[in-house]
Amino acid sequence: MFQMSKLYHNFHHTKNSVFSFVLLLSLFLLLLLACNGFSVFYINLSVPAKTSPVPANLLPEILPGDKPVKKLSSSSVMYAVKEENPSLNLKTHLSLLQKPNISMVSKPEKQPHRFSPQTLKALQLRTTKRTKGFTFSTKLRAFFQNSNCKLRFFMTWISSLHSLSHRELLVIESVFKSNPKACLVIVSPSLDSPKGNAVLKTFLNMGFNLITVSPDFDSIFKHTYAETWFNRLKTGNINPGEVSLGQNLSNLLRLVLLYKYGGVYIDTDVIVLKSFNNLSNVIGAQSMNIETKTWSRLNNAVLVFDKHHPLLYKFIQEFALTFDGNKWGHNGPYLVSRVVGRVTNRPGFNFTVLPPPAFYPVDWSRIRSLFREPNNGIQSDWLRRKLEQIRRQSYAVHLWNRQSKDVRVEEGSIVHHIISDCCIFCNISTSSL
């Protein structure tokens, strides 16, 4: 009996010990699980990545009557162009960590951009006869008064005289072939020289109204948004970027020239086919949306506007406020597309967007087809129909030099026929074009 009682006592003691051990083990596992869960939560705590500061989207000032535009007029312009790049998402998550005290961190001062010698040379261009009392404006004013021209054409040539080819000379011929009473102003430092005058002497001997003028940017840009932008550029407060500065200066120069004097601007790779006398305040669409039959992109290779037109003012303003020298087309074709997409249907603007056949009958991706002769009946039929369409619908043809400057003009091609239609001297070998 005693042993039974002792055995019962030992069993009860063992049971309590096991129960206590199990309880302690459970508490230990529970504590371990809690610690592990806390560490997992802490390690996976979402911390936003460091983001680079996003510059403010500078837009032109809001004028009276301005309002957002979604749909454009069906009579003159169709739909606003889609931006090439998606809009930036400026929403950011609040940091879950305490922000460091940056009051003691010194912010490095922004260093002015240093220009290359070639860039400085371009920025220092001035009218050659300015010291003799002839400024850019006085020279142009005297030219227009003495010429009695019915239409003003402007071209820019910021490159060297050596770069001027027979193709650019053919463009000049085409201007006077279709518009013999017009005045042509070529803003160029290289052509406004004795050698440049010798190259163009043939046109002057024929009695055409032609003048070359070196660009005095300070004088040309004065009293416009371009003046502030150019001053900041000269002082190194604007990075000219990777895109050619000459190209961007040409993009701005054409806008200011038309704003101050009115007339027609054409690129040096645009062959004129017809008289521009009946065109007023127009810009051309480069491409169309086939489904909606609305323009998808405009281009600035051909511009026809009156003096002080408000759309030109907006173009210049947009250039100065949103300049980006690292994106090709941002300050040119994309710029005019952005602005037209915003101002259409607003009061005070009066302009027309012409369909692609007017100035851009062939897109840049297919321009080489205009230089080739037909090799079979199908190609001959296409060539004949396309040539008839261009002659019937187009005021000019953009040759897209970036894609076609090294392409030889083949005899019997569309460009070969256009040359025959537009040349004056017609003594240039097609192979040299």
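## From strand 8 inward

Begin by selecting Ile-283, whose bridge partner in strand 8 is Val-353. The model on the screen is predicted, so local features are described at pLDDT of at least 70 and side-chain atom pairs count only at pLDDT 80 or more, whereas totals for chains, interfaces and linings use all residues. Residues are numbered from 1 along each chain as its sequence is written, and side-chain values use heavy atoms, with hydrogens and water left out.

**The sheet**

Ile-283 and Val-353 belong to a parallel pairing of strand 6 with strand 8, made over three bridges; two strands are said to pair if DSSP finds at least two bridges between them. Colouring the strands by number will show an open sheet of seven strands in the order 3-2-1-4-7-6-8, with mixed pairing. Its edge strands are strand 3 and strand 8 (352–354), each of which pairs on one side only. Neighbouring strands of this sheet are turned by 35° against each other on average, direction ignored. The numbering follows DSSP runs from the N terminus, with helices (H or I) of at least four residues and strands (E) of at least two, and by this count the protein has 13 helices and nine strands.

**Strand 7 and its partners**

Next, select strand 7, residues 294–305, where 11 of the 12 residues are buried (under 20% relative accessible area, with exposed meaning over 50% and partly exposed in between, for a 1.4 Å probe and protein chains only). Strand 7 is therefore largely enclosed by the rest of the structure. On one pairing, strand 6 (residues 282–289) runs antiparallel to strand 7 and is joined to it by seven bridges, one residue pair to display being Gly-284 with Asn-299 of strand 7. The two strands form a hairpin with four residues between them, and Lys-293 in the turn has a positive phi of about 55°. Strand 4 (residues 263–266) also pairs with strand 7 in the antiparallel sense, over four bridges, and here Val-264 stands opposite Val-304.

From strand 4, step to Asp-267 in the loop that leads to strand 5 (270–272). Asp-267 is buried, at 16% relative accessibility. Leaving aside residues up to four places away in sequence, Asp-267 touches Val-171, Arg-254, Ala-301 and His-398, a contact being heavy atoms within 4.5 Å.

**Strand 3 and the helices across it**

Now move along the sheet to strand 3 and display helix 3 (residues 136–147), which lies across strand 1 (152–156), strand 2 (183–187) and strand 3, running at about 175° to strand 3. Helix 5 (residues 194–205) lies across strand 2 and strand 3, and runs at about 165° to strand 3. Such angles run from 0 to 180 degrees between N-to-C directions of axes, which are lines fitted to C-alpha atoms, for helices over the stretch in contact.

Just after strand 3 (209–213), select Pro-215, in the loop that ends at helix 6 (217–220). Which class does Pro-215 fall into, buried or exposed? Its relative accessibility is 0%, so Pro-215 counts as buried. A distance label between its C-alpha atom and that of Asp-192, 23 residues apart along the chain, should read 9.4 Å.

Two loop residues here deserve a backbone view. Asn-148, in the loop between helix 3 and strand 1, has a positive phi of about 55° although it is not a glycine, and it is exposed at 66% relative accessible area. His-223, between helix 6 and helix 7 (225–234), has phi near 65°, again a positive value in a residue other than glycine, and counts as exposed at 68% relative accessibility.

**Helix 11 against helix 13**

Finish with Leu-383, which is placed in helix 11 (residues 377–393) and is buried at 8% relative accessibility. Apart from residues up to four places away in sequence, it touches Arg-372, Pro-374, Gly-412, Ser-413, Ile-414 and His-417. Helix 11 and helix 13 (residues 414–422) pack at an angle of about 35°, with their axes 10 Å apart. Their contact is made by Trp-382, Leu-383, Lys-386, Leu-387, Ile-390 and Arg-391 of helix 11 together with Ile-414, His-417, Ile-418 and Asp-421 of helix 13. These residues divide into six nonpolar, one polar and three charged, where Ala, Val, Leu, Ile, Met, Phe, Trp, Tyr, Cys and Pro count as nonpolar, Asp, Glu, Lys and Arg as charged, and the others, Gly among them, as polar.

**Zooming out**

With the whole chain in view, 42% of the 433 residues count as buried. Among contacts between residues at least 6 apart in sequence, 81% join residues at least 24 apart.
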